[in-house]
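Biologist: Please pick one surface region and take me through it closely. Then set it against the interior and a couple of loops.

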Amino acid sequence: MNSFSSLCDDFGISTYLHSKLDMPTGRETVLHFFEAVQKAVPKMTEFEKRSDGEYMLEEDREAGSYRWCSLDPRRLCIGFVNPPAVEDADAHCERILEMAPYHLDLHAMQTESMDVLYYFDFLFQGNHDEVVAEALAIGTPFEGLAQVPGGRVLNYQPTIMLALDDACQLQCRLSIETRTSAYQVRTSNFPESPISVYFTVRQFWGKTPFKSFVDSYQNQRRVLDELVNSYVVPNVITPLQRAIAAK
């Protein structure tokens with residue numbers, strides 16, 4: 001397994017292509033697209049249409065490592081959960097990004113942006129917000145407030161966004177999602193659920209220098225990998241991993 005998987009319980013790479021216009025919804029077009037995806041990846045056999053109008057095709061989740069692809073009214077979404085190597089996720093995302101313009105009639109003019117992201121899930125049975133604060137608030141102005149006598153942290157989900165170029169066309173975003181409610185804190189009844197760390201690199205498409213979705217994906221993945229290895233792993237993932245292990 002890739003090195004990122006060793007840092008958390010589940011690791012994934014996802015791509016989201018956002019459209020300014022509605023995606024195709026015709027039965028023939030949708031089925032033709034997903035049949036082409038299935039032909040390229042025969043193990044993607046689980047197909048469904050969800051209540052919100054999203055179409056999903058994926059491999060068997062019980063295998064632990066699986067590829068997926070979905071189409072909702074304004075997005076094409078592609079991902080690989082627990083890929084054996086990040087290159088396997090690259091191959092999956094790039095293959096579908098190459099196919100999509102022909103099967104779904106996608107053009108640069110209608111594209112708003114594309115996101116490429118890593119996510120790290122940490123299973124934890126306890127107060128998610130408290131453990132995130134313990135890991136990330138130490139040494140910050142929030143440390144004292146988080147340690148008020150008799151106080152209990154109810155929400156601590158830090159987020160930061162950065163522009164990576166002068167035109168703000170290339171951006172990154174770090175966000176942490178916790179899943180603890182006030183009821184759980186009040187009753188001390190905590191089910192095991194994941195704390196998720198997301199790091200996204202977004203390319204807006206209006207003035208993008210890239211000629212294809214695959215070209216942009218490769219650049220975004222390169223930037224994503226550099227920032228995650230240099231900043232996110234040592235400053236977010238590792239402290240959070242240690243704080244959870246200490247519990």
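Modeller: What follows starts with a surface patch, then turns to the core and two loop residues.

This is a predicted model, so local features need pLDDT of at least 70 and side-chain atom pairs pLDDT 80 or more, while totals for chains, interfaces and linings use all residues. Residues are numbered from 1 along each chain as its sequence is written, and side-chain values use heavy atoms, without hydrogens or water.

Ile160, Leu162 and Leu164 make a nonpolar surface patch of about 240 Å². Patch members have over 30% relative accessible area and no salt bridge; like charges are joined within 9 Å, nonpolar side chains (Val, Leu, Ile, Met, Phe, Trp, Tyr) within 5 Å. A salt bridge puts a side-chain nitrogen of Lys or Arg within 4 Å of a carboxyl oxygen of Asp or Glu. Areas come from the Shrake-Rupley method with a 1.4 Å probe; for residues, only the protein chains shown count as cover.

Leu164 sits in the loop between strand S7 (159-163) and strand S8 (170-177). Helices (H or I, at least four residues) and strands (E, at least two) are DSSP runs, numbered from the N terminus. Leu164 has a relative accessible area of 34%, so Leu164 is partly exposed. Buried means under 20%, exposed over 50%, partly exposed in between.

S7 and S8 pair antiparallel over five bridges; pairing takes at least two DSSP bridges. Leu162 stands opposite Cys172 in S8. The two strands form a hairpin with six residues between them. In its turn, Cys168 has a positive phi of about 60°.

Now the interior. The largest nonpolar core has 67 residues, and Leu76 and Phe120 touch the most other members. Helix H6 (residues 213-246) gives the largest share, 14 residues. Apart from this core lies another, of eight residues, including Trp68 and Tyr119. A nonpolar core joins buried Ala, Val, Leu, Ile, Met, Phe, Trp, Tyr and Cys through side-chain atoms within 4.5 Å. Beyond residues up to four places away in sequence, Phe120 touches several others, among them Phe4, Phe11, Val197 and Ile237. Contact means heavy atoms within 4.5 Å.

Last, two loop residues. Asn82 lies between strand S5 (75-81) and helix H2 (86-104). Its phi is near 50°, positive in a residue other than glycine. Asn82 counts as buried because its relative accessibility is 9%. Asp105 lies in the loop between H2 and strand S6 (111-124). The phi of Asp105 is near 55°, also a positive value. At 49% relative accessibility, Asp105 counts as partly exposed.

Key:
Buried < 20%, exposed > 50% of the residue type's maximum accessible area, 1.4 Å probe, protein only.
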